[in-house]
Each structure stands twice: as C-alpha cells, then as structure tokens.
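Student: I have a model open and I want to learn how to read its features. Can we go through them together?

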Amino acid sequence: MFTKCYAGAVIGIDAMTVEVEVNITPGLGMFLVGLPDNAVRESQERIRSAFDNSGLKMPGKKVVVNLAPADIRKEGSSLDLTIAVAILAAAGYVSPDRLGAYVVMGELSLDGSLKPIRGALPIAVNARREGFRGFILPRENAPEAAVAEGLDAIAAGSLKEVAEFLNGERELPPCPCPIRSGSEGSVPYEEDFADVRGQAHVKRALEIAAAGGHNIIMVGSPGSGKTMLARRMPSIMPPMTTAESLETTKIHSVAGKPGSTRGLMTRRPFRAPHHLASQVALIGGGTNPQPGEISLAHNGILFLDELPEFGRNMLEVLRQPLEEKKVTVSRAKYTIEYPANFMLVAAMNPCPCGYYNHPTRECTCSAASVARYLNRISGPLLDRIDLHVEVTPVALDELSDAAPAERSEAVRERVVAARARQEARFAGLEGVHTNAMMNPAMLREFCRTDAACRTMLEHAMNRLDLSARAYDRILKVARTIADLDASDVLRPEHVAEAINYRSLDRSGWGRP
C-alpha cells in the first residue's frame, strides 16, 4: 500500500516542504531513498524499537521510504516521527484521512517518546504559508511553533499519542500562541548601568550607539570597566518589534539554542564569542550548515572582547556583514544567506601590557610593539566602527561615592525616543530603521550641514586624515546625537561631539 506524509527541511533560516512517501510491497527489509544523511538512515533502528515499545507492529514486508524532493539532502533526526507515521498509515494502523492536513515531525526515543527538534519555527511558518492546518511535533517545541499564528501546533509526547490522535481516538488541543504571554521583555535586567560608578563619557557613547544602532569600540587598560559596561548594553536597547522577534527566534530555532523553544524571543540577543572561536563558529556554515555568532546576534549585540586577540582573517570577514547586514556562506554543495544585522561592541587594551595612557602606571611597551598590537586591527575595519572611546580607570573617590547613578531604564527611555524619531524619518524606506543604516543618498537628505558644521568637518578631515567612510560615520553619529537632543537640524555641537568619538584616527595615537 502507498501513502504520503509531510515534513519540513530547513535551508538557511527558511524551510521547504518535504514529502515522505512510503510503499509497502511483498518482500523484506526497509529502504530509505531521497538523499538521507547518516542520522536519517539510523532512524530505521529507532523506529523499529519505538514500534516494539509502543505496542505497534512493524510490517513484515518490504518498506520503501522516499524523501521528496530527492535532490535535496535530508539531515538530522527530526524525520523519525514522519517516517514512522507514514509506515503506520501504509500498513493500515493509522487512518490516512488526516495526514494531508498536518506536518508531522519529531525525533523518536527507543521507548517511543518524542524528543525536540531544531528549526520548528521556520518549518511552522512554511507550513502555514503552504496551507496546512496544523503541525504535530514534540511538546518542547509546541510554544515555538505556535508563534506561527493560524497554524494549530499539536503537542505530542509519544508515537502512540500521535497515532491515536490521527485515528480520532485522542484529543490533543492546539498549543496557545505565546507571542505576548509572559513577555520576558518586561522582566528587569539583572545588570544595570546604575552598577557602574563614574565613566559618564563612556555611558554617553554607549547611549548614542544604542540610539542609532552604531558600532562602538572601547579602548582602555585592564580593570577600567570595558566588559562591565558592554554587558549592560542590552539593558538600554529598545524592545524588539514583533517582526524582529520572529526573525531572531527563527535563527535561534535553526541553531537549536535554548530559549527559542519557549516561544517568541523578546529580548535582543547578546553574543560574546571567545577569541579562540573558529571562523565557521563566528561566520556560520560547516558540513551541516548552521548560523554563526554574527547571525545569532542578529537584531542584537555582538561583543568581541580583547579584539586584537582574534585572528586577522576572522576580523576581516566581519567587514562585509558590517556593511551589508547579511552573510553569504558559499560552498561547493550549497550557498546559504544568513541575516547579520548586529551592533558590534568591541573592547581592547591600548597596548600589549595594557597601560598606555594610564594615569598612574607606566607603559613598558616599545613603540614598535604598540604599533604591531594596534595593526592587528586593520584600518578598513576601524572605519566601519562609528564610535571610538577611551576608557580610563575610575578614581577611588568615584568608586566610594554613595550617590545613586542613573539607571538603565532612564537611559532606555531616551534611546526609545530617539529611535522613534528615526522610524518616522525612514517610514517610507524599506529596510532602513536606524541612522547607522543610512546610505550616501540618505546622508545628503537627512544630514544637511550649515557653514559652521562644514568648516569643522573639513578641519577634522585634514587634521585626522580621515577616509570618506569615516566622514560618513561622523555624520551618522551626529544625526543620532541630534535625535537624542530632539533636534531636526545638525548643529556644530552635535558634529563636534561626533568628531570626538574618532580617537583611534588621531595622528600619533598609540605611540609612547
């Protein structure tokens, strides 16, 4: 007997429908065709054991399973349940009447229970688009799949429950959509700007970065608070829109990260890979393609601590994603595009010993060693970082000051107000939401300068020997400072402050 069941396959952060066809004929053995990988081939033994422990009977005939389309490689163990249900339907143990209305996926344990899968959300979104009524999947993935409103997310705990549901012998109510239930965005952050004493100028720079979506690098000696400040950046970021939450959750779902299975992610991601991470871990790809850290930071923050310790090649591959807000992974067998619209926050010491420009400790590095250390970060990469901030150690009297510092909530209110001005400004421009995303044409339209501002910019360009890209970055930052100041026009003080955030471009910087 022939029957057909439906599943999904993830490609990048999207999915496509996979038809699982089963034909049972006289003979012996089970045969899988349609480019299954080793994990899919091993499903035969998991299915046999799950049948035995669920009180079901494996057909004692020849079973041929075809995974269509046959020219797309099928990977992972999430097709276990689909194949098992299709076999039961072909053998007459499950009614095939309802199979066409559902996508069925899940990994089988030997006892017949279901384990969670990766990529449930993009598969659910594709199933809704393809007109399926529902998605039968493990309980752990149900809140994630329920985000795709208009599709019934049927949570099951075992193969036997699925069989009984398809036969009409058991009711499995759809999981409710968790989009706004228990919003984690309303939970206070554990780390707050109020914990940081002093460093008012650095906090100001981070506020500007958050308001305009700008990349920022902090340069300072060990213990000056760079990492502490960076880890508090999420607490001043504006909340994600529903569209941003959906896209971010899809990426984390494909990567199998914890948190995505609870439903829609409402907090912006903060990723901090170690400098010993591989290039594939940072960018994405691999034998079984997965999103890298820059895609997991999509709509959030990528924090690179000790920036010069990262390999030169790893830093250079960041240049394209920083400009295009996406990364394309091309291999002989596949080409996949992952979104990578992240805000780069980097931190580094000013020299190998870490004490160049320290107010009390003497730097022991030679001029050549300082130059070599700084040259690990190329000029083109620095050009793509909008704000350069020097972080100096906090004085003892500031550390012991009992006066309360400004809380992140107050800073976030100003950031949200500035973002609202940008959303109104770019309302008719698709894909542009922040000042950092403006192209040259938008700069000419939205960052017009008067004679005083132009004179100041011309002097800075000549004195600092800035590139054209750095010039554009100054205008973008100045536009954000004006937005925080609720000003529709750029004034000289806005431009002056933006120029002040190009410290690494200063002539002679980093030479003892």
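Tutor: We will take helix packing, then sheets, an aromatic pair and two backbone details. Keep in mind that this is a predicted model.

Student: How do I describe two packed helices?

Tutor: Give the angle between their axes and the distance between the axes. Take helix 20 (residues 468–484) and helix 21 (residues 492–500): their axes come within 8 Å and cross at roughly 125°. That makes helix 20 oblique to helix 21. The crossing of helix 20 past helix 21 is right-handed.

Student: Which residues make the contact of helix 20 and helix 21?

Tutor: Helix 20 supplies Ile474, Val477, Ala478, Ile481 and Ala482. Helix 21 supplies His494, Val495, Glu497, Ala498 and Ile499. Sorted by class, the contact holds eight nonpolar residues, one polar and one charged.

Student: At what angle does helix 17 pack on helix 20?

Tutor: Helix 17 (residues 408–425) packs on helix 20 at about 115°, and the axes are 8 Å apart. So helix 17 is roughly perpendicular to helix 20. Helix 17 also passes helix 20 in a right-handed crossing.

Student: And what residues meet there, by name and by class?

Tutor: From helix 17 come Arg414, Ala418, Arg421, Gln422 and Arg425. From helix 20 come Arg479, Asp483 and Leu484. The class count for helix 17 with helix 20 is two nonpolar, one polar and five charged.

Student: Where do helix 7 and helix 17 meet?

Tutor: On the helix 7 side, look at Glu207, Ala210, Ala211 and Gly212. On the helix 17 side, look at Val411, Arg414, Val415, Ala418, Arg419 and Gln422. The contact of helix 7 with helix 17 has five nonpolar, two polar and three charged residues. The two axes come within 8 Å and cross at roughly 35°. Helix 7 passes helix 17 in a right-handed crossing.

Student: Now the strands. What is the strand order in the open sheet?

Tutor: The order is 11-14-17-10-18, five strands with parallel pairing. Strand 11 (270–271) and strand 18 (387–391) are the edges, and each pairs on one side only. Look inside the sheet as well. Strand 10 (residues 216–220) and strand 17 (residues 343–348) run parallel and are joined by four bridges. To find the register, pick one bridge: isoleucine 216 has valine 345 of strand 17 as its partner.

Student: Which strands pair with strand 4, and in what sense?

Tutor: Strand 2 (residues 14–25) pairs with strand 4 in the antiparallel sense, over seven bridges. Strand 3 (residues 30–33) pairs with strand 4 in the parallel sense, over four bridges. Each pairing has a bridge you can locate. Glutamate 19 is partnered by alanine 68 of strand 4. Leucine 32 is partnered by valine 65 of strand 4.

Student: How is a pair of aromatic rings described?

Tutor: Use the distance of the centres and the angle of the planes. There are four aromatic pairs in this structure. One of them is tyrosine 102 with phenylalanine 165, with 5.6 Å centre to centre and 80° between the planes, an edge-to-face pair. The pair links distant parts of the chain, 63 residues apart. Tyrosine 102 sits in strand 5 (residues 102–104), and phenylalanine 165 in helix 6 (residues 159–166).

Student: Last, the backbone. What is the usual case for phi and for peptide bonds?

Tutor: Most residues other than glycine have a negative phi, and most peptide bonds are trans. Two places here deserve a look. Alanine 68 and proline 69 are joined by a cis peptide bond, with omega about 5°. Proline 69 lies in the loop between strand 4 (62–68) and helix 3 (80–91). Alanine 68 also serves as the strand 4 bridge partner of glutamate 19.

Student: Where is the other place, and what is the phi of glutamine 199?

Tutor: Glutamine 199 has a positive phi, near 55°, and is a residue other than glycine. Find glutamine 199 in the loop between helix 6 and helix 7 (200–212).

How values were computed:
Residues numbered from 1 in each chain as written. Predicted model: local features only at pLDDT ≥ 70, side-chain atom pairs only at ≥ 80, totals over all residues. Heavy atoms only, no water. Axes fitted to C-alpha atoms, helices over the stretch in contact; angles between N-to-C directions. Helix = DSSP H or I, 4+ residues; strand = E, 2+ residues; numbered from the N terminus. Parallel < 35°, antiparallel > 145°, perpendicular 65-115°, else oblique. Left-handed = near helix turned anticlockwise from the far one by under 90°. Contact = heavy atoms within 4.5 Å. Nonpolar A, V, L, I, M, F, W, Y, C, P; charged D, E, K, R; others polar. Pairing = 2+ DSSP bridges. Phe/Tyr/Trp six-rings, centres within 6.5 Å; stacked < 30°, edge-to-face > 60°.
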